[in-house]
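Welcome! Here are some short exercises to help you find your way around a new structure, each with a solution worked out in steps.

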Amino acid sequence: MKDEVFSERLDLFYVKLVQWIVKMNSDSMVDVKIPDKETLVNTEFLKSRANLIIAGLDLATELKRNVKTLILMY
Amino acid sequence: MCGKQPSKGRLHDIIRCIEMLKSVEVQFRMKRGIINQWVIVINRYTAEIIDQVIVKGMHEIGKMKEKGQFYEDMMFLLETIYMSHQGGSNFMRTTVINHAFNLMAEQVFTSKELSEVRCLNQRLEMISNWETIIKKSTRCRFVYWIRSLFPFIFDMIMSDVKRPN
């Protein structure tokens with residue numbers, strides 16, 4: 001990655017981060033019971049929650065890798 | 001760019017990166033309790049899906065009963081994987097599962113099933129170790145190596161009137 005495009009890359013990370021934080025704090029993370037579709041809804045919740053946790057972990061790892069690369073390249 | 005001084009613009013980017021890393025850490029720390037509750041349920045659910053694939057494999061092996069020793073070996077491997085999945089994921093169990101899968105013959109699972117199980121195992125491991133991963137990913141020990149730039153960084157932070165804090 002070139003030094004000049006780092007800022008643009010960071011803007012993209014910022015957008016991803018904001019989206020992730022909004023999802024983490026949204027109502028979709030609150031348990032809801034729908035009698036007819038209880039099992040399906042719960043498994044969907046589990047999938048989305050698992051994906052959110054993994055997205056957060058990926059984001060942190062990517063961010064750290066990028067900033068370390070930038071710092072250590074100088 | 002090796003040997004060059006970083007420009008002021010890059011310093012700003014470095015600070016932004018550190019802020020973003022810390023905000024991820026704060027989110028995880030704030031929701032630590034609820035995430036741990038989710039993780040228990042997610043692990044059970046993921047292990048259940050893996051178990052379903054393993055049971056399917058057992059049925060496949062059941063058809064090869066006449067193969068004698070091969071049947072015994074494959075059944076033993078599948079039972080080992082199945083038992084290792086009971087009661088959560090840890091490093092030892094993951095190692096045992098991976099070894100057992102490496103020893104497994106191609107006839108037992110299709111390549112699609114095998115990649116699915118490997119993917120789910122990886123997911124299980126990642127979610128189980130989320131605290132370790134987030135701790136490693138968000139600690140900013142690398143800042144020590146740019147300590148000579150601290151005066152410029154702090155000067156930039158203090159002189160930036162647009163910053164909310």
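## Exercise 1: Two helices side by side

In this predicted model, the axes of helix α3 (residues 69–85) of chain B and helix α4 (residues 91–103) of chain B come within 9 Å and cross at roughly 155 degrees. Work out how α3(B) runs relative to α4(B), and find the residues through which they meet.

**Solution.**
- Step 1: Begin with the angle. Angles over 145 degrees count as roughly antiparallel, so α3(B) is roughly antiparallel to α4(B).
- Step 2: Look at the hand. α3(B) and α4(B) form a left-handed crossing.
- Step 3: Pick out the partners. From α3(B) come B:Leu77, B:Thr80, B:Ile81 and B:Ser84, which meet B:Arg93, B:Val96, B:Ile97, B:Ala100 and B:Leu103 of α4(B).
- Step 4: Sort the residues of this contact by class. You should find six nonpolar, two polar and one charged.

## Exercise 2: A second helix pair

Now try α2(B) and α5(B): at what angle do they pack, and how far apart are their axes?

**Solution.**
- Step 1: The angle is about 160 degrees, and the axes are 10 Å apart.
- Step 2: The cut-off for roughly antiparallel is again over 145 degrees, and α2(B) and α5(B) are therefore roughly antiparallel to each other.
- Step 3: The crossing of α2(B) with α5(B) is left-handed.
- Step 4: On the α2(B) side, the residues that meet α5(B) include B:Val39, B:Ile42, B:Thr46 and B:Val53. On the α5(B) side, B:Val117, B:Leu120, B:Leu124 and B:Ile127 are among them.
- Step 5: By class, this contact has ten nonpolar, four polar and three charged residues.

## Exercise 3: Where the chains meet

Find out how many residues of chain B are in contact with chain A, and which element of chain B gives the most to that side.

**Solution.**
- Step 1: Get to know the partner. Chain A has two helices and zero strands, and buried residues make up 19% of its 74 residues.
- Step 2: Count the contact residues. There are 33 in chain B, touching 29 in chain A.
- Step 3: Assign them to elements. α1 (8–30), α2 (32–62), α5 (111–128) and α6 (130–138) of chain B each give two or more residues to this side.
- Step 4: Rank the elements. α1(B) gives the most, with twelve residues.
- Step 5: Sort by class. The side of chain B that touches chain A has 22 nonpolar, five polar and six charged residues.

## Exercise 4: Finding the cores

Which residues have the most contacts inside the largest nonpolar core, and which residues does a second, separate core include?

**Solution.**
- Step 1: The largest nonpolar core has 23 residues, and those with the most contacts inside it are A:Ala60, A:Leu63, B:Cys17, B:Met20, B:Leu21 and B:Val24.
- Step 2: Two or more residues of this core come from each of α1 (6–24) and α2 (38–73) of chain A, and from each of α1, α2, α5 and α6 of chain B. α2(A) gives the most, with seven.
- Step 3: Zoom in on A:Ala60. Apart from neighbours within four places in sequence, A:Ala60 is in contact with B:Leu21, B:Val24, B:Ile134, B:Ser137 and B:Thr138.
- Step 4: The second, separate core has eight residues, including B:Met74, B:Leu77, B:Ile81 and B:Val108.

## Exercise 5: One residue up close

Is B:Met74 buried or exposed?

**Solution.**
- Step 1: Locate B:Met74, which lies in helix α3 of chain B.
- Step 2: Count its surroundings. There are 21 other C-beta atoms within 10 Å.
- Step 3: The cut-off for buried is 20 or more, so B:Met74 is buried.
- Step 4: Finish with a distance. B:Met74 and B:Ile15 are 59 residues apart in sequence, and 54 Å apart in space, C-alpha to C-alpha.

Note on methods
Residues are numbered from 1 along each chain as its sequence is written. Chains are lettered from A and ligands numbered from 1 in the order in which they are written. This is a predicted model: local features need pLDDT of at least 70, side-chain atom pairs count only at pLDDT 80 or more; totals for chains, interfaces and linings use all residues. Two residues are in contact if their C-beta atoms, placed from the backbone, lie within 7 Å. Helices (H or I, at least four residues) and strands (E, at least two) are DSSP runs, numbered from the N terminus. Ala, Val, Leu, Ile, Met, Phe, Trp, Tyr, Cys and Pro count as nonpolar, Asp, Glu, Lys and Arg as charged, and the others, Gly among them, as polar. A residue is buried if 20 or more other C-beta atoms lie within 10 Å of its own, exposed if 12 or fewer, and partly exposed in between; C-beta atoms are placed from the backbone. Axes are lines fitted to C-alpha atoms, for helices over the stretch in contact, and angles run from 0 to 180 degrees between N-to-C directions. Angles under 35 degrees count as roughly parallel, over 145 as roughly antiparallel, 65 to 115 as roughly perpendicular and the rest as oblique. A crossing is left-handed if the near helix is turned anticlockwise from the far one by less than a right angle, and right-handed if clockwise. A nonpolar core is a set of buried Ala, Val, Leu, Ile, Met, Phe, Trp, Tyr and Cys residues joined through C-beta atoms within 7 Å.
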